Amino acid sequence: MVDLAPGNLVEVRDLEMVFAPRAKLFGSGKARPVRAVDGVSFDIRQGETLGVVGESGCGKSTVTRCILGAHKPSAGTIAYRDPQGRAVDLAALSERQRRPYCTDLRFVFQDPQASLDPRMTVVDIISEVLRVNGLATGREIPGIVAGLLERVGLQPESAGRYPHAFSGGQRQRIGIARALATRPRLVILDEAVSALDVSVRAQTLNLLKDLQEEFGLTYLFVSHDLSVIQYICDRVVVMYVGQIVESAPIDALYIRPRHPYTEALLSALPVPDPRRQRQRQRIHLKGEVADPANRPSGCAFHPRCRFATELCRTTAPPLQEFGGHVAACHYAADLDLRGVLSDPNPQVAHA
Ligand SMILES: Nc1ncnc2c1ncn2[C@@H]1O[C@H](COP(=O)(O)OP(=O)(O)O)[C@@H](O)[C@H]1O
Ligand code: SF4
Ligand SMILES: [Mg+2]
């Protein structure tokens, strides 16, 4: 049995996803299992946008795929409040048991090109979703599709066209219309704007904000891009090698990060104040994200961390809380890390 705190739509607890070892091409020794998600816990509150950020390979997509049922988690629970208000554990459901929730929980993928069937017209793509889920019958469909297209800023007359006739940004709008066709409550967006040009990206983010307000949607928004996360999210969790290393409300994290990994990611962002921008130094992270099949000892970030000590090499840091701001670093309370937003209240946190 699972339970949820009031106001939460999803509560992920101790989620683990371990993939079977990959065959070794070179060298000897036993290949190790890939711990892509390694004990992740977070809440998604009703009506908010929760961001998940981290470099490529940190386990973000694996978390979303567990929520959507594409992977059966190796351990942990995914408590979800269904439309009737009951708590269900999505991690424990079979494919068949999960089906009733498919309309409520929808996905927008990174690459609209790959996720839209090139042989189907837009009206076919969207009506298929309506038909499969028994949400509309033949005669109602054209009207519903036209309404959805209009709502995402596309010409209803374009419904008879094939995906290749649209630009990248328009194709992503088709993907959004398809996701919304079932009137979901939770939409998971995995790098949904990452393939778009900067100006198209901003328009798409604005559209997502409008749709959220209009339909009361809750978003789980995954991106490697901290400027996108800052623009659209209310709270954010930062992942590193399958674990959450920091989580906080957006402003708190961008004013004063508590984990050196977050500080390094933030250092790549421009700050609005030109004087501060000139004084800033980008923190270049050495090497790459560690292999989840071969997690470094102690704090997994230690091989790349400029503050690492012997303690970091031997002992995994516990999560520490600072008033709703959580970080897994031995020195989270002491380090004076740099963010990108100015602090409106410098006595409490650092400028
Ligand atoms: N099906 C799979 N089998 C084996 N390893 C996988 C599989 N899916 C993902 N991984 C590995 O898990 C880790 C996390 O991947 P992913 O969740 O895609 O990260 P992200 O979305 O943050 O880039 C990576 O090391 C990746 O290679
Ligand atoms: S625990 Fe140590 S290695 Fe890990 S982030 Fe903190 S200072 Fe760096
Ligand atoms: Mg991914």
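Which element gives the most to the lining of the second largest pocket? I opened the predicted model with that in mind. Strand 2 does, with 6 residues.

**Second largest pocket**

I noted a volume of about 380 Å³ for the second largest pocket. I counted 19 residues in its lining, and those nearest its centre are Ser41, Phe42, Arg235, Ser247 and Val326. I then looked up which elements give two or more residues to this lining, and found strand 2 (34–45), strand 9 (235–240) and strand 10 (243–249). I sorted the lining by class and got 9 nonpolar, 5 polar and 5 charged residues.

**Largest pocket**

I turned next to the largest pocket, which holds about 540 Å³ of space. I listed 17 lining residues, with Leu68, Cys102, Leu105, Arg106 and Phe107 closest to the centre. I checked the elements behind this lining: helix 2 (95–98), strand 6 (105–108) and helix 6 (168–180) each supply at least two residues. By class, I recorded 9 nonpolar, 3 polar and 5 charged residues for the largest pocket.

**Ligand 2**

I looked for the largest cavity and found that it is the space taken by ligand 2. I counted 13 residues around ligand 2. The closest of these are Cys299, Cys305, Cys312, Cys329 and His330. What does the shell look like by class? I found 10 nonpolar and 3 polar residues around ligand 2, and no charged ones. I kept in mind that Cys is classed as nonpolar in this scheme.

**Thr182**

I went on to Thr182, in the loop between helix 6 and strand 7 (186–190). Is Thr182 buried or exposed? I entered Thr182 as buried because its relative accessibility is 6%, and the cut-off is under 20%. I then looked for a partner of its side chain: a polar atom there lies 2.7 Å from the backbone oxygen of Thr103.

**Ser223**

My last entry is Ser223, which I located in strand 8 (residues 218–223). Its relative accessible area is 2%, so I put Ser223 down as buried. Where does the side chain of Ser223 reach? I traced it to the backbone nitrogen of Asp225, at 2.9 Å.

How values were computed
Residues numbered from 1 in each chain as written. Chains lettered and ligands numbered in written order. Predicted model: local features only at pLDDT ≥ 70, side-chain atom pairs only at ≥ 80, totals over all residues. Heavy atoms only, no water. Near = heavy atom within 4 Å. 1 Å grid on protein atoms, 1.4 Å probe; cavity = no way out; pocket = protein on both sides within 12 Å on 5 of 7 lines; lining within 4 Å. Sits in = over half its atoms within 2 Å of the grid points. Points joined across faces, edges and corners; volume = space filled by probe spheres on them. Helix = DSSP H or I, 4+ residues; strand = E, 2+ residues; numbered from the N terminus. Buried < 20%, exposed > 50% of the residue type's maximum accessible area, 1.4 Å probe, protein only. Polar contact = N/O pair within 3.5 Å; in protein donor to acceptor, adjacent residues only side chain to side chain.
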